[in-house]
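Open the model in your viewer and keep the sequence panel beside it. The stops below each begin with a selection to make.

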Amino acid sequence: MGLRADLDGHQCHPTAPAKKAPEPAPDTKPADAEPVEEEHYCDMLCCKFKRRPWKKYQFPQSIDPLTNLMYILWLFFVVMAWNWNCWLIPVRWAFPYQTPGNIHLWLLTDYLCDLIYFLDITVFQIRLQFVRGGDIITDKKDMRNNYLKSHRFKYMAFFEFNSRLESVLSKAYVYR
């Protein structure tokens, strides 16, 4: 009596038709599925590097001043502006480096430094996280009030930059 075995090895009735293997589901996506994001690549020399599109970047609501490298880079620009004002404004006053032919370049740089100071006060410093009673505070209103009442609001960021940079560098003596 010729009994057939199905796919699982079970004996089937001789008159039952053979079972077919299930067909794979068609590879179609539902109409309401989200479109796949386009990959962004940057071609440099002979290599392709994957990069994020600019529109995806969102400025953080709070900044950790101890570990955020973007903040340390920003402090570098603030310190450069501070050094410009600290050293070159008195030099221009004492020596005739500023002439009518180049005054527009000097003023442009002075205004750029002022813009850096303004952005530091209005964008970066009011977003710095701080610790109160062992908790890291990330509330926008509390961060702003803490900054406006702190000594940082009154003094330059030069010493803060030095402190943060030395805490990040593995060999701080090179910077000193």
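Start by selecting Val79, which counts as buried because its relative accessible area is 5%; buried means under 20% relative accessible area, exposed over 50%, and partly exposed in between, computed with a 1.4 Å probe on protein chains only. Val79 is found in helix 1. Helices (H or I, at least four residues) and strands (E, at least two) are DSSP runs numbered from the N terminus. Now add Cys113 to the selection: the C-alpha atoms of Val79 and Cys113 are separated by 9.8 Å, although the two residues are 34 apart along the chain.

Before going on, note what is on the screen. This is a predicted model, in which local features need pLDDT of at least 70 and side-chain atom pairs count only at pLDDT 80 or more, while totals for chains, interfaces and linings use all residues. Residues are numbered from 1 along each chain as its sequence is written, and side-chain values use heavy atoms, with hydrogens and water left out.

Next, show the whole protein chain as a cartoon. It has 5 helices and 4 strands, in the order β-β-α-α-β-β-α-α-α along the sequence. Of its 176 residues, 22% count as buried. Contact here means heavy atoms within 4.5 Å; among contacts between residues at least 6 apart in sequence, 48% join residues at least 24 apart.

Select helix 1 (69-94). Its 26 residues reach 38 Å from the first C-alpha to the last, close to the expected 38 Å at 1.5 Å a residue; the expected span is 1.5 Å times one less than the number of residues. At its N-terminal end, Asn68 acts as a cap, with a side-chain oxygen 2.9 Å from the backbone nitrogen of Met70. Further along, helix 1 bends by about 25 degrees at Leu88, and Pro90 follows within four residues. The bend is the angle between axes fitted to the seven residues ending at a residue and the seven starting there. Buried residues of helix 1 include Tyr71, Trp74, Val78, Ala81 and Arg92.

Move to helix 2 (103-124). Its 22 residues should span 32 Å at 1.5 Å a residue, and its end C-alpha atoms are 30 Å apart, which agrees. Which residues of helix 2 are buried? They are Trp106, Asp110, Cys113, Ile116, Tyr117, Asp120 and Phe124. These residues cover an arc of only 120 degrees around the axis, which puts them on the same side of helix 2; the arc is taken from the directions from the helix axis to the C-beta atoms. The buried residues of helix 2 pack against helix 1. Rotate to the face turned away from that buried side to find the exposed residues Leu108, Tyr111 and Phe118.

Now display the largest nonpolar core, meaning a set of buried Ala, Val, Leu, Ile, Met, Phe, Trp, Tyr and Cys residues joined through side-chain atoms within 4.5 Å. Of its 18 residues, Ile63, Tyr71, Trp74, Ala81, Ile116, Phe124 and Phe161 touch the most other members. Helix 1, helix 2 and helix 4 (158-168) each supply at least two residues of this core, and helix 1 gives the largest share, 9 residues. Zoom in on Ala81: not counting residues up to four places away in sequence, Ala81 touches Cys113, Ile116 and Tyr117.

Finish with two polar residues. Asp120, in helix 2, counts as buried because its relative accessibility is 7%. With residues up to four places away left out, Asp120 touches Trp74, Val78 and Gln125. Gln125 lies in the loop between helix 2 and strand 3 (130-132), and at 3% relative accessibility Gln125 also counts as buried. Select Tyr71 as well: a polar contact of 3.1 Å joins the side chains of Gln125 and Tyr71. A polar contact is a pair of N or O atoms within 3.5 Å; within protein, one must be able to donate a hydrogen and the other to accept it, and residues adjacent in sequence count only if both atoms are side-chain atoms.
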